[in-house]
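Q: Please take a close look at the largest pocket of this model and at the helices around it. What is its volume, and which residues line it?

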Amino acid sequence: MTAPTNPPTPASAHSLLRLMLMGFLSGIISAFIAASTLLALADVQSLGTAAAGSAVKNYTGDLPTAVLAALLWFLPVGIFVFPPAAKFLGDAPDGGALRLLKFTLLGAALWLLLAELIYLVLSPLAPAPPGVQRDDLISAALSGVLFAVIYDLLLRRRDYLLGRKHR
């Protein structure tokens, strides 16, 4: 006779909920960083001092739209996909560099797959110019890495506040 399996404990579901809330917070932080950085880098007019006033006006006018787009990019995957996948991969015993490496690889892979899925769906409708897809896929992977680093930093902060000692 086999031993009865224990049903999942409420503590494991509770920890998944905490991880999802951590994903929500990481998504918000990542969205603000990504949106503001993208707008600052996209405005080539800000290089000259004569056009600095119009650059600031463009930046402040485009920021709400950029933040909304970034939130739509980071939050769904950051809340519903990344935390369960990270929990499935498991935590590194010391919670240090190995966990950060796992998270960055997971983040890069998830956002790269999302971008590839978007291209598969939209390519028949509106094909992208040559080279754009490659650049977008690289940007997607880097945004996943940004999310994963922020997620790991928030987990380290939580562990520190809870008194867990990780190196």
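A: **The largest pocket and its helices**

The largest pocket has a volume of about 600 Å³. Here a pocket is an open set of points on a 1 Å grid over the protein atoms alone, where a 1.4 Å probe fits and protein lies on both sides within 12 Å along at least five of seven lines. Volume is the space filled by probe spheres set on the points, which are joined across faces, edges and corners. The model is predicted: local features need pLDDT of at least 70, side-chain atom pairs count only at pLDDT 80 or more, and totals for chains, interfaces and linings use all residues. Numbering runs from 1 along each chain as its sequence is written, and side-chain values use heavy atoms, without hydrogens and water.

The lining comprises 20 residues (an atom within 4 Å of a point). Nearest the centre are Ala34, Leu38, Trp73, Ser139 and Ser143. Two or more lining residues come from each of helix 1 (10-42), helix 2 (52-80), helix 4 (97-122) and helix 5 (132-161); helices are DSSP runs (H or I, at least four residues), numbered from the N terminus. By class, the lining has 16 nonpolar, 3 polar and 1 charged residues, where Ala, Val, Leu, Ile, Met, Phe, Trp, Tyr, Cys and Pro are nonpolar, Asp, Glu, Lys and Arg charged, and the others, Gly among them, polar.

Helix 4 and helix 5 also pack together: their axes come within 7 Å and cross at roughly 145 degrees (lines fitted to C-alpha atoms over the stretch in contact, with angles from 0 to 180 degrees between N-to-C directions). Their contact (heavy atoms within 4.5 Å) has 18 nonpolar, 5 polar and 6 charged residues.
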